[in-house]
Amino acid sequence: MEADAKPKKSGPRLCCICNQRRAVLKRPKTLEQICRECFYEVFEEEIHQVIVENQLFKPGDRIAIGASGGKDSTVLAYVLSELNRRHNYGLDLFLLSVDEGITGYRDDSLETVKRNELQYGLPLKIVSYKDLYGWTMDEIVKMIGLKNNCTFCGVFRRQALDRGAALLKVDKVATGHNADDIAETVLLNILRGDIARLSRCTSITTGEDGPIPRCKPFKYTYEKEIVMYAYFKKLDYFSTECIYSPNAYRGFAREFIKDLERIRPRAILDIITSGENFRISTSTKMPEQGTCERCGYISSQKWCKACVLLEGLNRGLPKLGIGRSRGLNNDIKKDTKQGGGTKSIESKQCGSLDF
Amino acid sequence: MACNSATCNSSGCYKEYEVEEEQRQPTTRGGINGSATTHQNLCVKCKSNEPVCCGIGGDDARFCKDCFKTNLYGKFKQAVSYNAMITPSDKVLVAFSGGPSSRVVLQFVHEIQCRAQTNFDASKDRSLPVFGVGVAFIDESSIHSFASQDAEKAIEDIRSIVSNLAPPEKELYVVPIENIFSSDNIDGKERMKKLLDAVSDVTGKEDLLIHLRMLSLQRVASQNRYTRVVLGSCTSRIACHVISATVKGQGYSLSADIQYVDSRWQVPVVLPLRDCPAQELNTLCSLDGLKIVELLNGPCSSINGLVSSFVKVLQEENPSRECTIVRTAGKLTPFHFNRIPDIHDSSVPLATRRRQKRHSIKPNGSLSSESFCPICNSPLNKSNFSSSLRSLQSNENSDIFAAAACSSCQFQIIPKEPSLMEQFVSLLPQPLITRAKHGDRGDFSLLREQIQEFLLSDGEDEI
C-alpha cells in the first residue's frame, strides 16, 4: 500500500493523514508516512475498534491486566486506562504481575511494574511461583537444565494468573499478546502438528468456559508499532529478553516472521487470517474438560499439567510431564495409591483455592 | 516420529563409512540393538544387502538400494491405487519440468504402464486396455533470461528422455507458455511480457506464472483428450506450499491444494508423490542414473523463496519436519472436489467404476457449491463477499473481475490503480475472464452429478 501521490517537494514530507504536520515516522503496518499525533490516534483508535467490534468488555467489568513490565503489558495498561477514560468503558482496571523468581530479569521488571502502579494509578497484585508452588524458575532450571524450562514456566504462569485473578475477584484477564505473537503461534502449531491448538489460538477471547476468561486486545497490533508507541510516548518499560529463552523453538518462527515483515508487512495479519479460516472440523477440537484431582483447577486429564510437572520436580523426575505422555497420569495415580497418598513435605499443594 | 519409513530401526552406524570402506572392516559407533551382528552393516529391511542410503529418519533408517526403491515405488503405487488415480481407460498427461520429482513420477508412471502392457499382452481376452501416457513440458524460456542454446539443449534432453521411455510410446508436447493466448507466438511473447510487468509484487509475479502454467497444462490436456494431469509434487514442495499459503492469507483454500486429487480443473489433477520427500527422490535419481534437466533461475527474493529457505532450516534441525507439516495440513477438511469424480461413462468396465466409487473420499455431509477465484482458482470463503457485492455496482469488466478474485490475488497480483487494473484485465488470457463470469454462479457440476441419472434431456440448458 503506497501513500497517495503528493506533489514532490524538496522540503520535509507532510503527514499523509492530516496533511498539516511534518511526517516523522513510517507506520510499520502500512508504511504510511505520518506525524506523531496521527500515529497515536490511529494506534489508539484501531485498538478501540477491536475492543468494540469483538465486545471484549462490558460496563462494570473488573479487568486484570497481565503486567510483566515489558513493552506489551505497559502499553496495554496505558492504552486501556486512556481508552477507558476517553470512551467511558466503565471498567475497574488492575495490574496483575507474576514473579517467576528469575534473578537478573524478573526482579528488575517487577520494579517497572511497581512504577507503573504509581504512574497509571492502577492497583497492583503480585503472585509468585515461590508462594504458589514452592519453586522459583532459577531453582527449576538448576534442576532440569535449559531445555523444556519454557514448558514449566508457561504452565505455571497460566495457573498463577488465574489464581491472582481469582484473588482480585476480576471478571476477565487482558494480556498483551500482539499480532506477531499470534502469528508465531499459528506457525508453531502447524510445525508441531497440533491441530487442536491451531483451531483455538487465533481466538481473541479464550477460556470463556473456564475459571477466568482472557482476551487479547492487541491481537491485530504489530509489535513494532507497540515499541514505536512506547518510544514516542516515553513510557517506562523493561526491555530485556528472558535469560533462559534463547533455546526456545519459537525462535525459528520469530526469525522467519521478522524476515517476512521486511518483504511484506501485511503478511503478519495474513497469517492470523489464515489461522482463523483454516477448515478444521469441529469434531476434532476440544478435549474433554474436567477438573484436577489434586487442586481442582481445570484439566482434561486426571491431574492438571502444573500438578504433573510439580510432582516431577518434587520427586526429582524432571522429565515427568514432558514429551508424549505414556500414561503419566496413570503412573502418578499408581504411585500415590502405593504410597498411601503421602506427599513430600517440600511439595506445596497447587493451591487451596476453589475453582 | 518418522513418518514414511515404517520399517526403520535404529542401527547406530555411520553411512559414510559403509559405502567407502567396503573392503576394510567397517567400524561401528556404539552398540547396535536387536539381532544385527556387530561388524556388518545391513539393510534394516531385508537384512541381507549393503545399505547405501538413508530414508527420512536421518542416520537411523538404512536401506539397501533395492529395498529403498521398493519402498519409494510402494508409496507411489499406494497413492495411485488407493485414490483410483489411474484406471485402464484413462489417458494421463505427466507434467514434466525436468527436475528430480518430475523425472521420478514419469519413471514410475512408465513402470506401471509397462506392467499393464505386459498383462495386456499376456491376457487372452484383452478386456482391460492399457492407459495412455503423454508428457508435457511448458517452455518458459521467453520469460526468463536463459541463453537460447541452454534452452534448446534442455528441450533436446527432454526429447531423448521421453523417447527412451518407449515402449509404450509417449507423446511429448513442448508448449511455449505464451500459447495460452491462442494467437501466434510473436504477439504472445509480447503480451506475456506486458502481463507479467503489470504485476509489481515479486511474489505475485511468481504466483501468476504458476497459475498460467497450470492453465497451459489444462489446455494441452483437454485439447488432446487426456483425462488426468499428473504432477510430481513431493512432500517437501507441499510443505512449502502449506507455509506460503498460510503466510498469504489463503488458509481457507489451503486444504484444496494439498490432497491427492484435485478435480476443480477441467482435467483432474493428481499428486501421486505426495508422500515422498524430495531427499528420497533425489537419492533415487542418483542411484538409478535418472537424467535431470534443470535450467537455473536467479536468486529468489520473493516470499516463496523465503519460505523455501525457512523449511530447509527446519528440516536441518529435524529431518521429519516436512512430513509433520504435511500431516498437520492433511487434517484440515478437504473440499468436495478433492476426489475423482464418479465415472458415468458406460464404456468403462463396471468393475473399474465400482472400485473407484469405493476408494474415493466420501464427501462430507453438506454439498455447498463453491465459488472460485478467477486467477488462482482457489475456493472463496463466503464470509468475504461484502467487498465483491459493493463492486458489482459498477459495470466495468475489470471491476467485476477484481471483485471476484480472492483477497490474496487482489493484493499481490491485480494492480490497484483503476487504469492499470483495466489494462491488466485486458491482457489476461481468455479462459480466466470466462472463469470470472461463471465463477460467481458456483459450481453446480457436483450437484448435477448427484441427480445425473434422473435427468432426461441431454440438451439441458445450463442455468
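## Exercises on a predicted two-chain model

Across the interface of chain B and chain A of this predicted model, 13 residue pairs, both members at pLDDT 80 or more, are found in polar contact. The exercises begin from that interface and then turn to the sheets of the two chains.

**Exercise 1. Describe the side of chain B that touches chain A, by its elements and by the character of its residues.**

Step 1. Start with the elements: α7 (235–247), α8 (254–257), α10 (303–317), α11 (321–330) and α15 (407–412) of chain B each supply at least two residues of this side.

Step 2. Rank the contributions: the largest share, seven residues, comes from α10(B).

Step 3. Sort the residues of this side of chain B by character, which gives 17 nonpolar, 14 polar and six charged.

Step 4. Set the counts beside the extent of the interface: 37 residues of chain B are in contact with 26 residues of chain A, and the two chains bury about 2800 Å² between them, 67% of it on carbon and sulfur atoms.

**Exercise 2. Find which residues form the salt bridge across the interface of chain B and chain A, and set it beside a salt bridge found in chain A.**

Step 1. Across the interface the rule finds one salt bridge, whereas a search of the whole structure finds 36 over all chains.

Step 2. The partners at the interface are Arg264(A) and Asp201(B), with their closest N and O atoms 3.3 Å apart; since a salt bridge requires such a nitrogen within 4 Å of a carboxyl oxygen, the pair qualifies.

Step 3. For the example in chain A, take the side chains of Glu37(A) and Arg21(A), which meet in a salt bridge at 3.4 Å, N to O.

Step 4. Locate these two residues: Glu37(A) is in helix α1 (residues 36–53) of chain A and Arg21(A) in the segment before β1 (25–26) of chain A, so that the pair, 16 residues apart, links distant parts of the chain.

**Exercise 3. Trace the open sheet of chain A and place the helices α2 and α6 on it.**

Step 1. The sheet has six strands in the order β5-β4-β3-β6-β8-β7 (chain A), and its pairing is mixed.

Step 2. Its edges are β5 (124–128) and β7 (205–206) of chain A, each of which pairs on one side only.

Step 3. At the β5(A) edge, strand β4 (residues 92–99) of chain A pairs with β5(A) in the parallel sense over five bridges, and Leu96(A) has Lys125(A) in β5(A) as its bridge partner.

Step 4. Add the helices: α2 (residues 71–87) of chain A touches β3 (62–66), β4 and β6 (172–174) of chain A, its direction making about 155° with that of β3(A), while α6 (residues 149–168) of chain A touches β3, β4, β5, β6 and β8 (214–215) of chain A, its direction making about 140° with that of β4(A).

**Exercise 4. Carry out the corresponding analysis for the open sheet of chain B.**

Step 1. The six strands follow the order β5-β4-β3-β6-β8-β7 (chain B), with mixed pairing, and the edge strands are β5 (171–176) and β7 (261–262) of chain B.

Step 2. At the β7(B) edge, β7(B) and strand β8 (residues 269–270) of chain B pair in the antiparallel sense over two bridges, with Val261(B) opposite Val270(B) in β8(B).

Step 3. Helix α4 (residues 148–163) of chain B lies across β4 (132–139) and β5 of chain B, running at about 160° to β5(B).

Terms used:
Residues numbered from 1 in each chain as written. Chains lettered and ligands numbered in written order. Predicted model: local features only at pLDDT ≥ 70, side-chain atom pairs only at ≥ 80, totals over all residues. Heavy atoms only, no water. Pairing = 2+ DSSP bridges. Helix = DSSP H or I, 4+ residues; strand = E, 2+ residues; numbered from the N terminus. Contact = heavy atoms within 4.5 Å. Axes fitted to C-alpha atoms, helices over the stretch in contact; angles between N-to-C directions. Buried area = accessible area lost by both parts, 1.4 Å probe. Polar contact = N/O pair within 3.5 Å; in protein donor to acceptor, adjacent residues only side chain to side chain. Nonpolar A, V, L, I, M, F, W, Y, C, P; charged D, E, K, R; others polar.
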